[in-house]
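Ready for a few short exercises? Take a look at the structure first, then try each task before reading its solution.

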Amino acid sequence: SLIMFSVLQQFKLTSTDALTPLGATIDVATQFETSTEVKPVAAGKFVYFPFKRGTFAGMREYYVDMTTESNDAQEITAHCPEYLKGTVNKLVSSSNENILLVGTSDNKKNLYIYRWFWDNNQKLQSSWSTWSFDGDIVDMSFLGSVAFLLIRRGTQIYLEKMNLSVDNATTIMDDKIEVRLDRRVRLQNGISASDQ
């Protein structure tokens, strides 16, 4: 089936056999308000979409309950309703890393980060945090576990990447501790060697 979003409802397009104009049906699946500033994004068996809450934004986790064959969307910002400031205008996810990156209209230098962890059918982690950058985030995308960010600093735009699964600092650190620093460089005999 195909899930479609509108401002006030979500629809499910289904077909009994092959998808044809005669056999296709569109039914209302759920009725949740949705912000249309950004497309919903999928991560695993979930679809994440924002909604407006006054001057703040909220986020929902849309899923299909296989036991009851019903659709639902839990609010994942219920425990922090005034955390996402402004309107959500950028949204990307990585199912490899169980992470959702959220950009808003309030501060283009900040990304709101949602991390989750499921063990069987129980969600053990549902956390929000903020990453702050030294430039405006123009756009972002994921390729596997690597986040690619377009960042504007002054009149220049930079393409930067962050590998969220592997940190090569463990190979050069004596204590093998992962170090995640923005625009990190490695010094060899006082000479800078790029290690970003």
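**Exercise 1.** Is N110 buried or exposed?

*Solution.* Keep in mind that this is a predicted model. Start by finding N110: it sits in strand β11, which covers residues 110–119. Next, take its relative accessibility, which is 16%. Buried means under 20%, so N110 counts as buried.

**Exercise 2.** Find out what N110 touches, and which side chain it has a polar contact with.

*Solution.* First, skip residues up to four places away in sequence; N110 then touches T130, W131, S132 and I137. Now zoom in on S132: its side chain and that of N110 are joined by a polar contact of 2.8 Å.

**Exercise 3.** Work out where V88 lies and whether V88 is buried or exposed, then list its contacts.

*Solution.* V88 belongs to strand β9, residues 88–94. Its relative accessibility is 1%, so V88 counts as buried. Leave aside neighbours within four places in sequence, and V88 is in contact with E37, V38, P50, A57, M59, V102, G103 and T104. Pick E37 from that list: in sequence, V88 and E37 are 51 residues apart, yet from C-alpha to C-alpha they are 6.9 Å apart in space.

**Exercise 4.** Which residues make up the nonpolar surface patch that includes I157?

*Solution.* Look for I157 in strand β15, residues 156–163. With a relative accessible area of 45%, I157 is partly exposed. That is over the 30% needed for a patch residue. Its partners in the nonpolar patch are L150 and L159, and together the three have about 280 Å² of accessible area.

Definitions and conventions:
Residues numbered from 1 in each chain as written. Predicted model: local features only at pLDDT ≥ 70, side-chain atom pairs only at ≥ 80, totals over all residues. Heavy atoms only, no water. Patch = residues over 30% accessible without salt bridge, like charges linked within 9 Å, V, L, I, M, F, W, Y side chains within 5 Å. Areas by Shrake-Rupley, 256 points an atom, 1.4 Å probe, with all protein chains shown as cover. Salt bridge = Lys/Arg side-chain N within 4 Å of Asp/Glu carboxyl O. Helix = DSSP H or I, 4+ residues; strand = E, 2+ residues; numbered from the N terminus. Buried < 20%, exposed > 50% of the residue type's maximum accessible area, 1.4 Å probe, protein only. Contact = heavy atoms within 4.5 Å. Polar contact = N/O pair within 3.5 Å; in protein donor to acceptor, adjacent residues only side chain to side chain.
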